[in-house]
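Here is a friendly walk through one protein chain, for a reader who likes to keep the coordinates open alongside. We begin with a covalent link, then turn to the whole chain, one helix and two single residues.

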Amino acid sequence: MWTHSAGNPAELEVYSKIIDEFNASQDQYTVVEESFPQGAYNDAIVAAAAAGDLPCLLDMDGPIVPNWAWAEYIQPLGLPTSITDNLLPTAVGTYQDEIYAAGYWDAALSIFARKSVLDANGIRIPTIDDPWTIDEFDAALTTLKAAGYDTPLDIGAEDKGEWWSYAYSPMLQSAGGDLIDRDTMLTADGALNGPEAVTFFTWFQDAFANGWASNSGTIGNQEFNDDVVALSYTGVWNAMDSLEAAGDDLLILPPPDFGDGPKIGGGSWQWGISSTCDAAEGAREYLEFSFQDKYIAEFSDKQVVIPATAAAEELSANFGEGDPLRPFVELSQAYALARPATPAYPVISSTFEKAAKDIMSGADVQSTLDGAVQEIDTNIKSNDGYGF
């Protein structure tokens, strides 16, 4: 039985520990680890599927789970509900209401700020219960630009790929739009090109035109750490460096409310069992063993990600009550929304990225969104609705 992990060295260290302890605990199955870089992982799995050589255990980015289930790369997970019911909802991957994957953690986005900067500029500090309205957010950005920040907000637009749908579709959803009609999963019409979507993307375009944001920074959070920008729309994975840079002055704030309540993305890397696995019982035994709270907490501490269980939160060094990164848990609980559980998601994501980048660069909002909807709907129809 082979495990394929797309993780970083700290993550792989925990996997190696779990595998060693699982192998020592019984003599029926042996788990052997093989890893690929994240960037090559999906391509490696597709190639292995084409060759009929899928490993038993597959690590996958949460949003791709429905696509791999539809493509029959993976089978229903079959873990006890005593495990899956205790996980964050966004740490469970589904297709057609069936669980196909589960993960040890999740990530969350927020707005990083310095309390001293907000106080000095008379800007209210928002809370989960009382976030900034979009009008307040715009006023804050205007004030901060006037205070000397050439680009007051690092929105992460220099990044590429799935980041765009992970980062900006929650803003779209906060405005009342979406990537697809989630009631049917058969069309993006009205969700991605309706009046709410036009309102959001007009704001998005204006944010760059007004000089509030740019796409010329560096990937990561360095501009905020260096106090070059006042606000940073970024994730939990950047929190430790910002804590080191700003100390007690760091604020981990909710994103603004675009009209329908703040939203943040959910659904990170998860494990599934391949459809061709000839030792599925052993794969499930390994996964059940691996979902112990002590391991989930260790993943959390080594990777700086949100533990997927409440018990692991309390075992972690950073995410329990009173710990410095606890706000991310609260943000995830309050605002996390999984990306649409449809096999069309990879096409939706790449189409969304292209449309959003075109709009950022000045393209007409309505016609660009209409074109994106047509591309997505054509793909869904050509695949017979992906089972919906």
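Which residue does a disulfide join to Cys56? The partner is Cys277, and the two sulfur atoms are 2.1 Å apart. Please keep in mind that this is a predicted model. The cut-off for calling a disulfide is 2.5 Å between cysteine sulfur atoms, and by this rule the count comes to one. The link of Cys56 and Cys277 is right-handed, with 85 degrees about the S-S bond. Cys56 sits in the loop between α2 (38-50) and β3 (57-61), while Cys277 sits in the loop between β13 (269-274) and α11 (280-290), so the disulfide ties together parts that are 221 residues apart in sequence. Cys56 counts as buried, at 8% relative accessibility. Cys277 is buried too, with a relative accessible area of 12%.

**The whole chain**

The secondary structure comes to 16 helices and 15 strands. The radius of gyration is 21 Å, close to the 21 Å that the globule rule gives for 388 residues, so the chain is as compact as a globular protein of that length. Along the principal axes, the C-alpha atoms fill a box of roughly 65 × 50 × 30 Å. Of the 388 residues, 56% count as buried. Among contacts with a separation of 6 or more, 74% are between residues 24 or more positions apart. The chain exposes about 15,300 Å², and carbon and sulfur atoms supply 48% of that area.

**Helix α15**

How far apart are the end C-alpha atoms of helix α15? They are 22 Å apart, which agrees with the 22 Å that its 16 residues (345-360) should span at 1.5 Å a residue. Buried residues of α15 include Tyr345, Ile348, Phe352, Ala355, Ala356 and Ile359. An α-helix has 3.6 residues a turn, so residues three or four places apart point the same way. The buried residues of α15 pack against α7 (163-174), α8 (195-209) and α16 (365-382). After α15 comes Gly362, with a positive phi near 110 degrees.

**Two polar residues**

Is Ser316 buried or exposed? Ser316 is buried, with a relative accessible area of 6%. This serine lies in the loop between α13 (310-315) and α14 (326-335). Not counting residues up to four places away in sequence, Ser316 touches Ala297, Ser300, Asp301, Pro307 and Asp323.

Glu223 belongs to helix α9 (residues 222-225). Its relative accessible area is 15%, so Glu223 also counts as buried. Leaving aside neighbours within four places in sequence, Glu223 is in contact with Asp154, Gly217, Thr218, Val228 and Val229. Glu223 and Leu153 are 70 residues apart in sequence, with their C-alpha atoms 9.6 Å apart in space.

The side chains of Ser316 and Glu223 make these polar contacts with backbone atoms:

| Side chain | Backbone atom | Distance |
|---|---|---|
| Ser316 | oxygen of Glu313 | 2.7 Å |
| Ser316 | nitrogen of Phe319 | 3.1 Å |
| Glu223 | nitrogen of Thr218 | 2.9 Å |

In the viewer, a good place to start is Ser316, whose side chain reaches the backbone oxygen of Glu313 and has a polar atom 3.1 Å from the backbone nitrogen of Phe319. From there, move on to Glu223, whose side chain reaches the backbone nitrogen of Thr218.

Conventions. Residues numbered from 1 in each chain as written. Predicted model: local features only at pLDDT ≥ 70, side-chain atom pairs only at ≥ 80, totals over all residues. Heavy atoms only, no water. Helix = DSSP H or I, 4+ residues; strand = E, 2+ residues; numbered from the N terminus. Buried < 20%, exposed > 50% of the residue type's maximum accessible area, 1.4 Å probe, protein only. Expected span 1.5 Å × (residues − 1). Contact = heavy atoms within 4.5 Å. Rg over C-alpha atoms; globule rule 2.2 N^0.38 Å. Areas by Shrake-Rupley, 256 points an atom, 1.4 Å probe, with all protein chains shown as cover. Polar contact = N/O pair within 3.5 Å; in protein donor to acceptor, adjacent residues only side chain to side chain.
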